[in-house]
Amino acid sequence: MMANRLLSMKRQTQRAFTLVELVVGMVVISIAFVLLSTMLFPQAERAADTLHRVRSAELAHSILNEIWGKRYDQNTNSNGGVPACGAPAKPAFGLPAGLPCTAPANLGPDTVAGVTEARNDYNDVDDYSGLNINSNMLNSSEPYADRYINYGLEVLVAYDNLPNLNTKLVTINVTTPNGEVMTFNAIRSNY
């Protein structure tokens, strides 16, 4: 009798899932998969976009820092002294007029005797006009394209307020691998 009772209790504890429980479980799992696929998985793509934006900002920032350390114009005193290019004469202070600033059509790397200035010899702001992803990095034979794979880079320098030649607008366009163009601008004054 005792053996029958134990066998009966054992049968009661060995119950299986019912069809209703299986269907409810499948519905709960399918809802969880839908939530994961619509909310969690797209976050991975957004994380990559953020990484591309950060790298773009780093590239633009490094080029802007380099430009900022250069003189305003080829005809500006390399020591930062007076007179700046295009500055009028100040006879009361014994200062001569500055040399004329580079013409708007001549902005870009300087050309002397048909030879264009090398990347490491850029010495003023407008030399950077035309710098692109295939240009060499500063003090390197390696182009930006080797470090920033699938990125685009374009640097433009133009006078900001023609006919006044006292400010230059530096525009850096960086294109991320997914085609987003990020534009960075800076204005450099003639002082």
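**Packing around Tyr144, the E3–E4 hairpin and Glu117**

Tyrosine 144 is in contact (heavy atoms within 4.5 Å) with Leu59, Ile63, Glu66, Arg119, Leu131, Asn132, Ile133, Ser135, Asn136, Met137, Leu138 and Leu153, when residues up to four places away in sequence are not counted. The model is predicted, and local features require pLDDT of at least 70, side-chain atom pairs count only at pLDDT 80 or more, and totals for chains, interfaces and linings use all residues. Residues are numbered from 1 along each chain as its sequence is written, and side-chain values use heavy atoms, with hydrogens and water left out.

The largest nonpolar core (buried Ala, Val, Leu, Ile, Met, Phe, Trp, Tyr and Cys residues joined through side-chain atoms within 4.5 Å; buried denotes under 20% relative accessible area with a 1.4 Å probe, protein chains only) holds 21 residues, of which Ile63, Tyr144, Leu153, Val155 and Ile172 touch the most other members. Two or more residues of this core come from each of helix H2 (19-68), E3 and E4 (DSSP runs numbered from the N terminus, with at least four residues, H or I, for helices and at least two, E, for strands). The greatest contribution, five residues, is that of H2. A second, separate core comprises five residues, including Tyr72, Cys101, Leu107 and Tyr159.

Strands E3 (residues 152-161) and E4 (residues 164-175) run antiparallel and are joined by nine bridges (pairing requires at least two bridges found by DSSP). They form a hairpin with two residues between them, and glycine 152 lies opposite threonine 175 of E4.

Glutamate 117 is located in the loop between strand E2 (115-116) and helix H3 (144-147). Beyond its neighbours within four places in sequence, glutamate 117 contacts Pro109, Asp110, Tyr122, Asn123 and Asp127.

Technical notes. Buried means under 20% relative accessible area, exposed over 50%, partly exposed in between (1.4 Å probe, protein chains only).
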